[in-house]
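User: I have a structure open and would like to talk through its pocket, its surface and its charged pairs. Could we take it step by step?

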Amino acid sequence: MKALGVIVLAAGKGKRMRSELAKVLHPICGLPMGLYPLMSLKPLKPQKVVVVVGHQADRVKAAFGTVEGISFVHQKEQLGTGDAVAHGMRKLKGFRGDVLVLSGDVPLITTGTLKALIKLHRREKAVVSLLSTLMDNPSGYGRLIRDGSGRV
């Protein structure tokens, strides 16, 4: 089976939350939001997990530092998702396998959903796979433009 590497995006400020606290540090049921996606990864047994930190990096590292097998890379300036992924990829230099990019602000993501995404990606021999959702009211979120067949 192909190796799995993961880049977790946890550098953002969370401006829309109107809080000084980094988005991934907001508590949900007593734990920082960003710990939930990290916990969902454990059963997948990824070979490498890189957490991209930026805003309040030291606090994020302290909160996530108890998670076994992760490493951190610092995105000094938050220049967007693509830049954050590029920082993570530099930390994965030489890694051979699939790379899952996971937002740190998805506390409800399940191991089952991630397994299904990876399984489909590998079965289809896809270059890129994308997980999205349909919402009745998507205001405040980004958009994907799809054709009549549902393709992005």
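User: How do the residues of the lining of the largest pocket divide into nonpolar, polar and charged?

Analyst: Before anything else, please keep in mind that this is a predicted model. The lining of the largest pocket divides into 26 nonpolar, 15 polar and 9 charged residues.

User: And how much space lies in that pocket?

Analyst: The largest pocket holds about 2300 Å³ of space. It is lined by 50 residues, and those closest to its centre are Thr-81, Ser-103, Asp-105, Val-106 and Leu-131.

User: Which elements give two or more residues to the lining?

Analyst: Those elements are strand E1 (4-10), helix H3 (81-91), strand E6 (98-103) and helix H4 (111-123). The largest share comes from E6, which gives 6 residues to the lining.

User: Asp-105 was in your list for the pocket centre; what does it form a salt bridge with?

Analyst: Asp-105 forms a salt bridge with Lys-23, and the closest N and O atoms of the two are 2.7 Å apart. Asp-105 lies in the loop between E6 and H4, while Lys-23 lies in the loop between E1 and E2, so the pair ties together parts that are 82 residues apart in sequence.

User: Is Asp-105 buried or exposed?

Analyst: Neither label fits, because Asp-105 has a relative accessible area of 29% and therefore counts as partly exposed.

User: How many salt bridges are there in the whole structure?

Analyst: A search of the whole structure finds 5 salt bridges. One of them is between Arg-123 and Glu-124, with the closest N and O atoms 3.6 Å apart, and both of these residues are exposed. Another joins the side chains of Arg-151 and Asp-147 at 3.0 Å, N to O; here Arg-151 is exposed, with a relative accessible area of 54%, whereas Asp-147 is partly exposed at 35%.

User: Which residues are joined into one network by salt bridges that share partners?

Analyst: Lys-2, Asp-98 and Arg-122 are joined into one network in that way.

User: Switching to the surface, which residues make the nonpolar patch of about 210 Å²?

Analyst: That nonpolar surface patch is made by Met-89, Val-99 and Val-101. Val-101 lies in strand E6, and because its relative accessibility is 38%, Val-101 counts as partly exposed.

User: Now the backbone: what is phi at Cys-29, and where does that residue sit?

Analyst: Phi of Cys-29 is near 50°, a positive value in a residue other than glycine. Most residues other than glycine have a negative phi. Cys-29 has its place in the loop between strand E2 (27-28) and strand E3 (31-32), and it counts as exposed because its relative accessibility is 77%.

User: What about phi of Gln-56?

Analyst: Gln-56 also has a positive phi, about 55°, although it is not a glycine. It is found in the loop between strand E4 (48-53) and helix H2 (57-64), and at 21% relative accessibility it counts as partly exposed, a label that applies because the cut-off for buried is under 20%.

User: Last one, how far apart are the C-alpha atoms of Gly-82 and Arg-96?

Analyst: They are separated by 20 Å, with the two residues 14 apart along the chain. Gly-82 lies in helix H3 and is exposed, with a relative accessible area of 55%.

Methods: Residues are numbered from 1 along each chain as its sequence is written. This is a predicted model: local features need pLDDT of at least 70, side-chain atom pairs count only at pLDDT 80 or more; totals for chains, interfaces and linings use all residues. Side-chain values use heavy atoms; hydrogens and water are left out. On a 1 Å grid over the protein atoms alone, a cavity is a set of points where a 1.4 Å probe fits but cannot get out, and a pocket is an open set with protein on both sides within 12 Å along at least five of seven lines; lining residues have an atom within 4 Å of a point. Grid points are joined across faces, edges and corners, and a volume is the space filled by probe spheres set on the points. Helices (H or I, at least four residues) and strands (E, at least two) are DSSP runs, numbered from the N terminus. Ala, Val, Leu, Ile, Met, Phe, Trp, Tyr, Cys and Pro count as nonpolar, Asp, Glu, Lys and Arg as charged, and the others, Gly among them, as polar. Patches are made of residues with over 30% relative accessible area and no salt bridge: like charges are joined within 9 Å, nonpolar side chains (Val, Leu, Ile, Met, Phe, Trp, Tyr) within 5 Å. Accessible areas come from the Shrake-Rupley method with a 1.4 Å probe; for residues, only the protein chains shown count as cover. A salt bridge is a side-chain nitrogen of Lys or Arg within 4 Å of a carboxyl oxygen of Asp or Glu. Buried means under 20% relative accessible area, exposed over 50%, partly exposed in between (1.4 Å probe, protein chains only).
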